[in-house]
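Thanks for making time this morning; I would like to walk you through one model, slowly, for those who have not met it before. Please have the picture open in front of you as I go.

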Amino acid sequence: MSPEIRSISYNNARFSEGSVVEFTVLKKVELSENEAYYVLLDPKGYKILLPAEAYSHYGFKQATRIKCRVDKVNCSGQVFIEPLHPYYEEGKIYMFEIKGHKAITEEGKVIHYILELSDALGMSCNVKIEPTSPEEYLKAGKIRCLVSRIKKARLYLRPESELNSSLLPGTYYPFLIKELKDEFYTMIDSEGNFYRLEAQWYKNYNLRKGKKINCRFVHYAEDGTLNFEPENPIYKEGQTYEFAVRYFQKIEYADATFDLTAIADDIFGEEAHIKIPAELTPLLSKKNTLTARVDRIRKSRVHATAII
């Protein structure tokens, strides 16, 4: 028996992740006291909603055109867009005003400081600095930072003075698990630096105190702390595996295009998402098992692409 095909229809056009699209702001609608959206019109004449709260300081006006980056199109067809910041660009360095600081400790030792900053629009943001005295920064009252990422209007910053010692996104590094505390694993690297890993996603990884693991550096969080992905005990990126299909999910867009994704089981019985390329749709949409190449693993979930 062929797996079920579940269809979902969206009233917007299909977008490609990473593309920059110009939208027209039609209006702002308030659904409740705490929920409001900008209604945007795309170049093909389809509407899309943008949560308004995060971008209230961007100064969007009716009938103005704004450029947005398509950050993600998930397996359900939901589109996540990020308006380009009116002042900052990712990958560039800017000066920020320091408003305050706090020390972050682990086992009684200061592991880093968080500087509380103000950006050019008067919004608060943070940056992590290494566990040396913050006196030089506080005395100057300013710090130069690289804007490494902008998401939901939040700036993800890295101090210019520490860029040479930064970890490389996509690279694996060794760690030792010190303990499980407050739903986080505390990890330590070869130089004695502490990091945290959210435990809820890795129940099948057999992580425990005293175990040595390799983790891929993903990105810097808003406050400058680091996000890691432990090496999967079974799946490796770039390699191919067999997956049992639960069902197929077909996303139909208003411009008559569609995406097909297989929702499958990984070896642990957890949900895996397998993208079906358009040219393979007639061949694979009725199969109970698929051969797929692993593209990435995030929070233990396998994301792959079907191959012949």
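**Surface patch, rings and charges**

Let me begin on the outside, where Tyr87, Leu121 and Met123 together make a nonpolar surface patch of about 270 Å². I should say at once that what you are looking at is a predicted model, and everything I mention should be heard with that in mind.

Staying with one member of that patch, Leu121 is found in the loop that runs between strand 8, residues 109–118, and strand 9, residues 124–129. Its relative accessibility is 33%, and because partly exposed covers the range between 20% and 50%, Leu121 counts as partly exposed.

From that loop we can step to strand 8, which is where Lys109 has its place. Lys109 has a relative accessibility of 45%, so this residue, too, counts as partly exposed. Which residues does Lys109 contact, once its neighbours within four places in sequence are left aside? They are Ile104 and Gly192. As for Cys145, which is 36 residues away from Lys109 along the chain, the C-alpha atoms of the two are separated by 25 Å.

Now to the aromatic rings. A pair of such rings is described by two things, namely the distance of the centres and the angle of the planes. With centres within 6.5 Å as the rule for a pair, the count comes to 15 aromatic pairs. One of them joins Tyr88 and Tyr94, and it is edge-to-face, with 4.8 Å from centre to centre and 90 degrees between the planes. Tyr88 also pairs with Phe96, and here the centres are 5.3 Å apart while the planes meet at 20 degrees, which is why this pair is described as stacked.

Are these residues buried or exposed? Tyr88 and Tyr94 are both buried, and Phe96 is buried as well, with a relative accessible area of 1%. For Tyr88 the relative accessibility is 3%, and since buried means under 20%, Tyr88 falls into that class.

Elsewhere in the chain, Tyr38, Tyr55, Tyr58 and Phe60 form one aromatic cluster, which you may like to find for yourselves on the screen.

Finally, let me turn to charges that sit over rings. The charged end of Arg149 is placed over the ring of Tyr156, at 4.9 Å from the ring's centre. In another such arrangement, Arg196 lies over the face of Phe184, with 3.9 Å to the ring centre.

That is where I will stop, and I am glad to go back to any of these places.

Technical notes. Residues are numbered from 1 along each chain as its sequence is written. This is a predicted model: local features need pLDDT of at least 70, side-chain atom pairs count only at pLDDT 80 or more; totals for chains, interfaces and linings use all residues. Side-chain values use heavy atoms; hydrogens and water are left out. Patches are made of residues with over 30% relative accessible area and no salt bridge: like charges are joined within 9 Å, nonpolar side chains (Val, Leu, Ile, Met, Phe, Trp, Tyr) within 5 Å. Accessible areas come from the Shrake-Rupley method with a 1.4 Å probe; for residues, only the protein chains shown count as cover. A salt bridge is a side-chain nitrogen of Lys or Arg within 4 Å of a carboxyl oxygen of Asp or Glu. Helices (H or I, at least four residues) and strands (E, at least two) are DSSP runs, numbered from the N terminus. Buried means under 20% relative accessible area, exposed over 50%, partly exposed in between (1.4 Å probe, protein chains only). Rings of Phe, Tyr and Trp (its six-membered ring) pair if their centres lie within 6.5 Å; planes under 30 degrees apart count as stacked, over 60 as edge-to-face and the rest as tilted. A charge sits over a ring if NZ of Lys or CZ of Arg is within 6 Å of the ring centre and within 35 degrees of the ring normal. Contact means heavy atoms within 4.5 Å.
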